[in-house]
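Hello,

Here is the structure I said I would pass on. Please open it first; my notes on what was found follow below.

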Amino acid sequence: MITVIIYGLDQFVVGRLSRDLTPGLAKLYEVKEDDINFVAPNNMVFHAGVEQTSWNILIHVHAPMKVSVLQDLVKQFLFKSIGELAINKAIEFYYFSQDNR
């Protein structure tokens, strides 16, 4: 199971991204599309007291340790696919052992 959490984008935008990006991520990770989930927390991003939603976004990718070798490809795919939906984008990868899931 691979989970992509996107902070700072509207939930409906993340829903559309989920539909559009799931096939490509599944292909990169060599998993079934059913193994990819997106999460869109109901939140806002702030910097120095100023709301940054859709300006600054943070993406967390939670994935099994065995796919960590694909990190650069996934990063490039996500940055290219999200494009201009946000100006500043950051991705953090979190890997887990299959024993921990």
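Helix α2 (residues 71-82) is a good place to begin. It has twelve residues, and from its first C-alpha to its last it reaches 16 Å, close to the 16 Å expected at 1.5 Å a residue. Please keep in mind that this is a predicted model.

Which residues of α2 are buried? They are Val74, Leu78 and Ile82. Viewed down the axis of α2, the buried residues fall within an arc of 50 degrees, so they line one face of the helix. The general reason is that an α-helix has 3.6 residues a turn, so residues three or four places apart point the same way. The buried residues of α2 pack against α1 (11-29), β5 and β6. After α2 comes glycine 83, which has a positive phi, near 50 degrees.

Now the strands. Strand β5 (residues 56-64) has seven buried residues out of nine, so the rest of the structure largely encloses it. What does β5 pair with?

- Strand β1 (residues 2-7) pairs with β5 in the antiparallel sense, over five bridges. Here valine 4 stands opposite valine 61 in β5.
- Strand β6 (residues 88-96) pairs with β5 in the parallel sense, over nine bridges. Here asparagine 56 stands opposite asparagine 88 in β6.

The helix links the second pair: the chain runs from β5 through α2 to β6, and this β-α-β crossover is right-handed.

Best wishes

Terms used:
Residues are numbered from 1 along each chain as its sequence is written. This is a predicted model: local features need pLDDT of at least 70, side-chain atom pairs count only at pLDDT 80 or more; totals for chains, interfaces and linings use all residues. Side-chain values use heavy atoms; hydrogens and water are left out. Buried means under 20% relative accessible area, exposed over 50%, partly exposed in between (1.4 Å probe, protein chains only). Helices (H or I, at least four residues) and strands (E, at least two) are DSSP runs, numbered from the N terminus. Two strands pair if DSSP finds at least two bridges between them. A crossover is right-handed if, with the strands pointing away from the viewer, the path from the first strand over the helix to the second runs clockwise. The expected span of a helix is 1.5 Å times one less than its number of residues. The arc is that of the directions from the helix axis to the C-beta atoms. Contact means heavy atoms within 4.5 Å.
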